[in-house]
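Colleague: I am new to this one. Could you walk me through how to read it?

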Amino acid sequence: MNSPVQLALGGPAGTALRAAATTPSLLDQAQTPAVITLVAGGLALLVVLVGGSPWRLARNGITIVHEAGHALAAVLVGRRLQGIKLHSDTSGVTVSRGKPEGPGMAFTAMSGYLAPSVLGLLFASLLGADLVGPVLVLIALLLLGVLVMIRNAYGVFSVVVSAVVLALVAFVAPVEVQAPFSYLVTWFLLFGGVRPVLELQVKRRQGRARDSDADQLGRLTAVPPVLWVLVFAVATVSCLIAGGLWLLEPVAA
């Protein structure tokens, strides 16, 4: 004999209730990887394309990664890292000691403009494998490593603010925020890695970047600076395409 509950759920109303129970809510749908990556990618692209104050503020993050790329490359080739300075105009400088020429110095000079895009590509591969936690850990390690080598007040302020934001996301914000944050950072690194290369060439044509990384590489190698800018452009766009394919995989599925 059917119970009253079974009888109550046996008619059309019961069918509707069961369907409602199995239908994802709007919140659940908004937390799907496809929606997260599209929204995060759209926001990151908007910041990079629109420019203005949002880009200037967010570009500090690109500068941190840029200088971290120089620093890591210097250490890898055996140079002695002296320190990093970050400036309020979103520029920065990394000082290391060693041979003033040769492959090691060229590799160090080349690594800055490539670092944001390469890191974004690494993050995209981790997110493609559903590894959100390692992305947050790597961001924390990056900020800690840079903070140790900062040698000016604005640099300390910039890195500490970034660390506070990361701490709020990792330890205070709900779990549902961590994945969108990781996707947003990854997309921003991929898109944001391309724009500084374009800005570099504009400044070079205006004569305002005579000591840029490309110009230093031109003096260190037999390759003209404009070709180094082209190398940066091809590398950053390639990382954007490859990382974008990883991130957009849930959308295509």
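**Helix crossings, ring pairs and buried faces**

Modeller: Start with a crossing. Helices H6 and H9 cross in a left-handed way. Keep in mind that this is a predicted model.

Colleague: Which residues of H6 and H9 make the contact?

Modeller: From H6 come Pro 116, Ser 117, Leu 119, Gly 120, Leu 121, Phe 123, Ala 124 and Leu 127. H9 brings Ser 182, Tyr 183, Val 185, Thr 186, Leu 189 and Leu 190. Sorted by class, the contact has 10 nonpolar residues, four polar ones and no charged ones.

Colleague: At what angle do the axes of H6 and H9 cross?

Modeller: At roughly 145°, and the axes come within 7 Å. H6 spans residues 103–128, and H9 spans residues 175–192.

Colleague: Now the rings. How do I read an aromatic pair?

Modeller: A pair of aromatic rings is described by the distance of the centres and the angle of the planes. A search of the whole structure gives four such pairs. One of them is Tyr 154 with Phe 157, a tilted pair with 6.2 Å centre to centre and 45° between the planes.

Colleague: Where do Tyr 154 and Phe 157 lie?

Modeller: Both are in helix H8, residues 153–172. They sit three residues apart, about one turn of the helix. An α-helix has 3.6 residues a turn, so residues three or four places apart point the same way.

Colleague: Why does Tyr 154 count as partly exposed?

Modeller: Because its relative accessibility is 27%, and partly exposed is the range between 20% and 50%. Phe 157 has a relative accessible area of 52%, so Phe 157 is exposed.

Modeller: Compare another pair. Trp 187 and Phe 191 are stacked, with 5.3 Å centre to centre and 15° between the planes. Both lie in H9, four residues apart.

Colleague: Are Trp 187 and Phe 191 buried or exposed?

Modeller: Trp 187 and Phe 191 are both buried.

Colleague: What does the UniProt record add?

Modeller: Its unreviewed entry annotates "transmembrane region" over several stretches, including 131–150 and 157–175. In the model, residues 131–150 are 90% helix and 0% strand, with end C-alpha atoms 30 Å apart. Residues 157–175 are 89% helix and 0% strand, and there the end C-alpha atoms are 27 Å apart.

Colleague: One last helix. Which residues of H11 are buried?

Modeller: H11 covers residues 213–220, and its buried residues are Asp 213, Ala 214, Asp 215, Leu 217 and Gly 218. The buried residues of H11 pack against H5, H6, H10 and H12.

Notes:
Residues are numbered from 1 along each chain as its sequence is written. This is a predicted model: local features need pLDDT of at least 70, side-chain atom pairs count only at pLDDT 80 or more; totals for chains, interfaces and linings use all residues. Side-chain values use heavy atoms; hydrogens and water are left out. Axes are lines fitted to C-alpha atoms, for helices over the stretch in contact, and angles run from 0 to 180 degrees between N-to-C directions. Helices (H or I, at least four residues) and strands (E, at least two) are DSSP runs, numbered from the N terminus. A crossing is left-handed if the near helix is turned anticlockwise from the far one by less than a right angle, and right-handed if clockwise. Contact means heavy atoms within 4.5 Å. Ala, Val, Leu, Ile, Met, Phe, Trp, Tyr, Cys and Pro count as nonpolar, Asp, Glu, Lys and Arg as charged, and the others, Gly among them, as polar. Rings of Phe, Tyr and Trp (its six-membered ring) pair if their centres lie within 6.5 Å; planes under 30 degrees apart count as stacked, over 60 as edge-to-face and the rest as tilted. Buried means under 20% relative accessible area, exposed over 50%, partly exposed in between (1.4 Å probe, protein chains only). UniProt positions are given in the numbering used here, feature names are shortened, and annotations may be inferred rather than shown by experiment.
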